[in-house]
Each structure stands twice: as structure tokens, then as C-alpha cells.
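Hi,

Here's the structure I promised to pass on to you. Have a look at it first, and then read my notes underneath.

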Amino acid sequence: MTMVDFKELSGKPVAEKIMAENLTRAEKLKAAGHTPTLALFRVGERPDDIFYERSILRHCERAGVNVRQTLLPAEAPEQKLAGLLTAAADDKTVDAIFFFSPLPKAYNEPALRELIPAAKDVDCLTRASAAALFCGEGSGFAPCTPAAVMAMLAHYEVPLAGRRAVVLGRSLVVGKPLAMLLLAADATVTICHSKTHDLPAVCREADILLAAVGRPRLVQGDFLAPGQVVIDVGVNDDPANPGKMCGDVNYAAAQKICAAATPAPGGVGLVTTAILCQHIIEASEQNAK
Ligand code: NAP
């Protein structure tokens, strides 16, 4: 395998396609008298939240989604957010509800999540949405990042049925739900974590290797094998380039060894917010019925 055979799986065309579809669907809703509306809550001033919030506002504006934004100081009482979430839950003109997680440590976040009705839970914050994903009970949206990974795999026509997918990471935000989505697509799934023995050997067996560990370039050449498709979910501060971001995978090594890989940044991260918009519009279509 030479670098000539390598394909970069950029997030840009995937995000552009989803956003074009989002716009068409939002216009149809508006023509029928229903403006897709997101109630967005941020507590405190965490830089990661502010960065993601800017991306959400930009994408929603492009897609024609109305955003009702609420900003609370980190020291705001939990009851304040609880009251606002309950009001948004009861408000028929609000299609979707999202808050940045984690909330301040003093808050009872699990209880606050449950104030969101499953139909408005566009990022799988509630138990009902998780049950839909993990048990196939009821309905609910998958979390946006794993859904973005699946959209990337579909866009680049990566076959999954019967193939070996190795997921690095078992968080409830990325690793576990991603494993469930891959399983639902008939992949044979292995989930790895910090206690996995001989991680490089397990990873080398993958047809599709998906890294969501939050460790800059943990995945080096000895984790990779020819023919693999590598999906890098990692968003990390790059220790080698202060002020820059990097993924969980050594992309240069993937270019030399693998069939295809997502760059990071420039891969999955670009698709996540487009998927959030897609979920908002889907919730809106259901609400407008
Ligand atoms: P997390 O909650 O910290 O979970 C990390 C997982 O990786 C854990 O399961 C942990 O294992 C495992 N892990 C850590 N070090 C490891 C090692 N040396 N070997 C094997 N496994 C190891 O992180 P997360 O929220 O899932 O996020 C993962 C990455 O995705 C981060 O870089 C984050 O910034 C990124 N992310 C990207 C997006 C996006 O839209 N692109 C969205 C969300 C997150 P244990 O369970 O054993 O501790």
C-alpha cells in the first residue's frame, strides 16, 4: 500500500450535503407556517461550550433554524435552569432543547436532563433517548457525534455489514453509542478502553478503526494495518503545536499505512453540528404534524 492509494475522508462535503438538505427541509416547514426552533442553554463561560455554541448559531442561521438562546452565570441556582427547561418543554413553539454538558458540578445534571421530553431531546441527553438507542425501545435521537460518524461512513460508502469495527473509548457521549450504531449496521464490534490489553494488536485487527479517547495521537503506526478505514473523533489541544488542535490518531502514519482516514480537525467535527441541525429539523417536522 502506498500513499497514492490513500483517501482522505474530509468532513466538509458531508457537512455541506447535510446542510443543503437541512435548508430545503426547513424552508418547507416555514412555507407550511412552522419555523424550526431550538431552545439553547449555556451555564457559565467554558471556552469549549462557547466554541461549540458559535458553531451551533452559525449552522442554525444557515439552515433557517430559529434559536432562543439563554445564558446563565455559573453560579445561577439550579432551580433557575430547571424552571427554564420546564417552560421550554411545555412550549409548543419550541421543537428542540439543548444544553451544554457538563453543567456546573453543584447541579443535579441527571435530573435536569430528564426535564427534556424525548421528542425535543436532539442530542440523546435523556434516559428515554438512550433506551431507544441501546434497547430499541421507543424513539429518540442518537447523540450527534456518533451520528456524525455514521453519516461520514455512509457518505464515503464504507461497508459495515459483517466487518470488524474497533471502537476506542467507551464514554456515553461517543464510544458506547457509536458501538451501538455500528452494531445496528451489522458490524462486528469490539469496544476498547484504558484497561484493554495489547491495544495496538486489537486495533490492527480492525477493518474500521474509530478513535474517541481524547489522547493526542495515541493511535500510532503500530495500531494500524493496510486496508483499514480510520475515523478520528478526537479533538485535543496539540502538545506539539500550542494553540492548535489535533486528533487521537497520527494522521501521517495513517496516510502511509491505511486505505482511508478522517483528518482531525477537518473530519467528524465538521459534521457534528450539521447533524444537530438535522435532528432539530426532524424534531420540528414531527412537532408540526
Ligand atoms: P472521555 O469521556 O474522556 O472518554 C475517553 C474514553 O477513552 C474512555 O472510555 C477511556 O477509557 C478511553 N481511554 C482514555 N485513555 C485511553 C488509553 N490510553 N487507551 C485506551 N483507552 C483510553 O472522552 P469523550 O467525551 O468520549 O471524547 C473522546 C474524544 O472525542 C475527545 O478528544 C473529545 O474532545 C472528542 N469529541 C469530539 C466530538 C466531535 O464532534 N468531533 C464530540 C465529542 C467528543 P476508560 O473508560 O477506561 O477511562
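**Around the ligand**

A polar side-chain atom of Ser 171 sits 2.5 Å from an oxygen atom of the ligand, which makes a polar contact (a pair of N or O atoms within 3.5 Å). Bear in mind that this is a predicted model, where local features need pLDDT of at least 70, side-chain atom pairs count only at pLDDT 80 or more, and totals for chains, interfaces and linings use all residues. Residues are numbered from 1 along each chain as its sequence is written, and side-chain values use heavy atoms, with hydrogens and water left out.

Thr 145 also has a polar side-chain atom 3.3 Å from a ligand oxygen, and for Val 233 a polar backbone atom is 3.5 Å from one. On its own the ligand has 930 Å² of accessible area (Shrake-Rupley method, 1.4 Å probe), and the protein covers 70% of that.

There are 19 residues around the ligand (a heavy atom within 4 Å of it). Arg 170, Ser 171, Ser 194, Val 235 and Thr 272 come nearest.

**And the cysteines?**

You'll find zero disulfides here; the cut-off is a pair of cysteine sulfur atoms within 2.5 Å. Why is Cys 144 without such a bond? Its closest cysteine sulfur, in Cys 124, is 9.2 Å away, so it is too far for a bond. Cys 258 is in no disulfide either, with the nearest cysteine sulfur, that of Cys 203, 11 Å away. Cys 144 is buried (under 20% relative accessible area, 1.4 Å probe, protein chains only), at 1%. Cys 258 counts as buried too, at 0%.

Cheers

Methods
A polar contact is a pair of N or O atoms within 3.5 Å; within protein, one must be able to donate a hydrogen and the other to accept it, and residues adjacent in sequence count only if both atoms are side-chain atoms. Buried means under 20% relative accessible area, exposed over 50%, partly exposed in between (1.4 Å probe, protein chains only).
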